[in-house]
Amino acid sequence: MVNLVIVSHSARLGEGVGELAQQMLMGGDCKIAVAAGIDDPQNPIGTDPIKVMEAIESVADTDHVLVMMDIGSALLSAETALDLLDPSIAGKVRLCAAPLVEGTLAATVSAAAGADIEKVIADATNALEAKREQLGLPSSADERRMTPVFSAPDAAAKSVSVVIKNPNGLHIRPASRLVATLSAFDADLLLEKNGKCVTPDSLNQISLLKVRCNDTIRLLASGAQADDALAAFSQLAAENFGESLDDAAITASSTEKITGSAFCYTPTLPPVRQASDLSPVAEQARLRNALDLTLRDLMTLLTRMEEHWPGDLAAIFSGHHMLLDDPELFDTACGILRSEHCTAEYAWQQVLSSLSMQYRQLDDAYLQARYIDIDDLLHRTLRHLLQSPLTLPDFTAPVILVADNLFPSTVPEFDPNVVKGICLREGSPLAHGALIAREMGIAWICQQGDALDDVQTGERLTLDVAQNRVVRERKTL
């Protein structure tokens, strides 16, 4: 038996589709749950991964659960919900690419009749065929025949497998080397781990494949330069994807105690407005311009890092550039712009916040710490969209910077002769900001939580780097 979950940005739309679907049951045993809208009276349009997870759980007493979605962040929320679910339930779930209304109705009829999951998905996916025929349009089968489709896991594809030796797996820097290397070949490629495949032209997809040390991954290739791509992949793996294994280990750069005056740093950003007075096309142009400006920022930062701190530090921002330049992210945001008629900043915030949440939910601490890189890119782009440039404090004497968290791209802006230490309420010792600070000779401690309550600028602090703790000596009156 197959049960259904309907995911929509609009509570009214989701409930309406659910009401229509209920009329199709005709006594069948199929259950339908709705996860639509968000619990915000001022901005109710959106999707909530927790709602999706709870909806799936409510109908999980079956063989399979098929999730029907509208576009944009609905898909991202559904994918995040899968990460949050108990594996025994997540294994039952399938996400469907069919149109929400027609697909849900077709799937409901099929599921109520007792069809298996593959038949239900096929019926949902083909739900538009009658409308196509009535309008005189070519069938989707005709379009598929006109568009070559590559399916790597078959007998025609060649493959090679490697065991990852990088201590922190394929995180952003080695993954960016992989994407850059494979992009040069005229071949259809898939990267596979434990049966899950992603296209290795997307840094985000590779990162979320969660490739750890000692994992085996396989590259499948077909096409004119398949052999060359496989050879380059093998060579890159033999070189540990350009990463020194000795340098990859995270160690504290200092066991000393750093004492100095606190400077409380709280950067602000104007609020993001959802409703737009412009057309989706105009908002899309705004977003494209902001992304181009952000990419230019990253190239400037990358060049500066190569001049002063070559090697892994520069590679961090090369990875940022590749993350941001993923066309899938832009396309998803454009889908939200078309469907919700919102501002570019709201759509971009939806896309990158969902991606950040996916990283936060990973069970590998090193990969999980990469969420701050996504937040960094989001805030850089938002600053261009909102025309709110980042203003750094003008320090007049050596300080210990105190903040909730810190973006990796902010750390190189500090003078290590002035900023002697960084003390964070949140953050991670595995974050790229921590790596940059250590290389620059800036002490870094994080996850101090309540210990930083009521800290004032000018207060004397001592950072015990070895113990990752802050000692407050006195408060300024």
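Contact, as I use the word here, means heavy atoms within 4.5 Å. I am working from a predicted model.

**Entry 1, sheet and helix.** I looked up helix α11, residues 226–238, and found that it lies across β5, β6 and β8 (216–222). Its direction runs at about 5° to β5. I then traced the sheet itself. It is open, has 4 strands with antiparallel pairing, and follows the order β5-β8-β6-β7. The edges are held by β5 (158–163) and β7 (196–198); each has a single partner strand, so one side of each is left without a neighbour in the sheet. On average, neighbouring strands are turned by 25° against each other, direction ignored.

I checked one strand pair in detail. Strand β6, residues 188–193, pairs with β7 in the antiparallel sense over 3 bridges. I noted Val198 of β7 as the bridge partner of Leu191.

**Entry 2, salt bridges.** I list 18 salt bridges in the structure. One of them joins Asp227 and Lys158, with 2.9 Å between the closest N and O atoms. Asp227 sits in helix α11 and Lys158 in strand β5, so I record a link between distant parts of the chain, 69 residues apart.

**Entry 3, largest pocket.** I have its volume as about 1000 Å³. The lining counts 38 residues, and Leu75, Leu76, Glu79, Leu95 and Glu328 lie nearest the centre. Elements giving two or more residues to this lining include α3 (73–84), β4 (93–96), α15 (327–340) and α16 (344–360). The edge strand β7 is also among them. Sorted by class, the lining has 21 nonpolar, 9 polar and 8 charged residues.

**Entry 4, second largest pocket.** The volume here is about 810 Å³. I count 36 lining residues, with Tyr265, Pro267, Arg383, Leu390 and Phe407 nearest the centre. Two or more residues come from each of α18 (371–385) and β10 (399–403). The largest share, 8 residues, is from α18. The classes are 15 nonpolar, 9 polar and 12 charged.

**Entry 5, cavities.** I find 2 cavities of 30 Å³ or more in the structure. I looked only into the second largest, which holds about 40 Å³ of space. Its lining is made of Ala369, Tyr371, Ile372, Asn405, Leu406, Gly427, Ser428, Ala431 and Trp444. I sort these into 6 nonpolar and 3 polar residues, with no charged ones.

Technical notes:
Residues numbered from 1 in each chain as written. Predicted model: local features only at pLDDT ≥ 70, side-chain atom pairs only at ≥ 80, totals over all residues. Heavy atoms only, no water. 1 Å grid on protein atoms, 1.4 Å probe; cavity = no way out; pocket = protein on both sides within 12 Å on 5 of 7 lines; lining within 4 Å. Points joined across faces, edges and corners; volume = space filled by probe spheres on them. Nonpolar A, V, L, I, M, F, W, Y, C, P; charged D, E, K, R; others polar. Pairing = 2+ DSSP bridges. Axes fitted to C-alpha atoms, helices over the stretch in contact; angles between N-to-C directions. Salt bridge = Lys/Arg side-chain N within 4 Å of Asp/Glu carboxyl O.
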